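Could you walk me through the inside of this protein in plain words? I would like to know what is tucked away and what touches what.

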Amino acid sequence: MTEAGGRDWLALTSEPTLEPDLPICDAHHHLWEFRPEPVHYQRYLLSDLAADLNSGHDVRSTVFIEVKARYRTDGPEEMRPVGEVEFVEGLATEGARGQHRARMAAPIIGYADLKLGARVAPVLDAMEAASPTRFRGVRHSVGWDPSPELVNRDLQGLLASDNYRAGAQELARRG
């Protein structure tokens, strides 16, 4: 990742490239624009990822993990995360046409609210349609703590709820 001022994260955190001939899959990265988080992380797109991937390591592929980027701004709330899959599919397709040796976002992991139960099916259908060869599943954070200071906490006992389990079964049914 590239930090503010264009400093390469890999260069900052590692001395010489370790085992430059070892093939690597970067199993967790994000792409985004206009994040509400710290200013120096407002933008990380294809060119940023490509620069990091070409920093000396033999990265052959990457896995995109949802980060709430480019959600749709209209339509049903549960369908809005489909926009992120569409966004990343477009970037991955562009990356595949470029001069990049790594397959960027070879699999895409999106977000779908599994608390919808069986009603999550149309969301998953839309994600599969948006990315027929790269969409592989969803990430649904289930962390909970009683502290009101924490953001993005879900419901206590979520994994045991009937709706969540039904949503997870719908996802599992699709492989």
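Here is a short tour, moving from strands to core to one small loop. Keep in mind that this is a predicted model.

**The strands**

A good place to begin is strand β4, residues 58-65. Because 7 of its 8 residues are buried, β4 is largely enclosed by the rest of the structure. Two neighbours pair with β4. Strand β1, residues 23-29, runs parallel to β4 and is joined to it by 5 bridges. One of the bridge pairs is His-29 with Phe-64 of β4. On β4 there is also a link to strand β5, residues 108-110, again parallel, with 2 bridges. Here Ile-65 has Ile-109 of β5 as its bridge partner.

**The nonpolar core**

In general, nonpolar side chains in soluble globular proteins tend to be buried together. In this model the largest nonpolar core has 36 residues, and the members that touch the most others are Leu-31, Phe-64, Val-82, Phe-87, Val-88, Val-120 and Val-123. At least two core residues come from each of α2, β4, α3, α4 and β6. Which helix gives the most to this core? That is α3, with 6 residues.

Val-82 shows what such a position looks like up close. Leaving aside residues up to four places away in sequence, Val-82 touches Arg-72, Val-123, Ala-126, Met-127 and Ala-130. Of these contacts, Val-123, Ala-126, Met-127 and Ala-130 are also on the list of buried residues in helix α4, which spans residues 121-130. That list also includes Ala-121 and Leu-124. The cover over the buried residues of α4 includes α3 (82-97), β6 (135-138) and α5 (162-173).

Helix α2, residues 46-53, is mostly covered too, with 6 of its 8 residues buried. They are Leu-46, Asp-48, Leu-49, Ala-50, Asp-52 and Leu-53.

**A closer look at Ser-131**

Now follow the chain out of α4. Ser-131 sits in the loop between α4 and β6. Is Ser-131 buried or exposed? Its relative accessibility is 1%, so Ser-131 counts as buried. Beyond residues up to four places away in sequence, Ser-131 touches Val-85, Glu-89 and Ile-108. Val-85 is 46 residues away along the chain, yet the two C-alpha atoms are separated by 6.8 Å.

Glu-89 belongs to helix α3. With 14% relative accessibility, Glu-89 counts as buried because the cut-off for that word is under 20%. Again not counting residues up to four places away, Glu-89 touches Ile-108, Ala-130, Ser-131 and Arg-134. Ile-108 is therefore worth finding in the viewer, as a contact of Glu-89 and also of Ser-131.

**Some distances to look up**

The table gathers three side-chain distances.

| From | To | Distance |
|---|---|---|
| Glu-89 side chain | Ser-131 side chain | 2.5 Å |
| Ser-131 side chain | Arg-134 backbone nitrogen | 3.5 Å |
| Lys-68 | Tyr-111 ring centre | 5.5 Å |

The Glu-89 and Ser-131 row is a polar contact between two side chains. In the last row, Lys-68 lies over the face of the Tyr-111 ring. How many aromatic pairs are there? The count comes to 0.

Terms used: Residues numbered from 1 in each chain as written. Predicted model: local features only at pLDDT ≥ 70, side-chain atom pairs only at ≥ 80, totals over all residues. Heavy atoms only, no water. Buried < 20%, exposed > 50% of the residue type's maximum accessible area, 1.4 Å probe, protein only. Helix = DSSP H or I, 4+ residues; strand = E, 2+ residues; numbered from the N terminus. Contact = heavy atoms within 4.5 Å. Polar contact = N/O pair within 3.5 Å; in protein donor to acceptor, adjacent residues only side chain to side chain. Phe/Tyr/Trp six-rings, centres within 6.5 Å; stacked < 30°, edge-to-face > 60°. Lys NZ or Arg CZ within 6 Å of the ring centre and 35° of its normal. Core = buried A, V, L, I, M, F, W, Y, C linked by side-chain atoms within 4.5 Å. Pairing = 2+ DSSP bridges.
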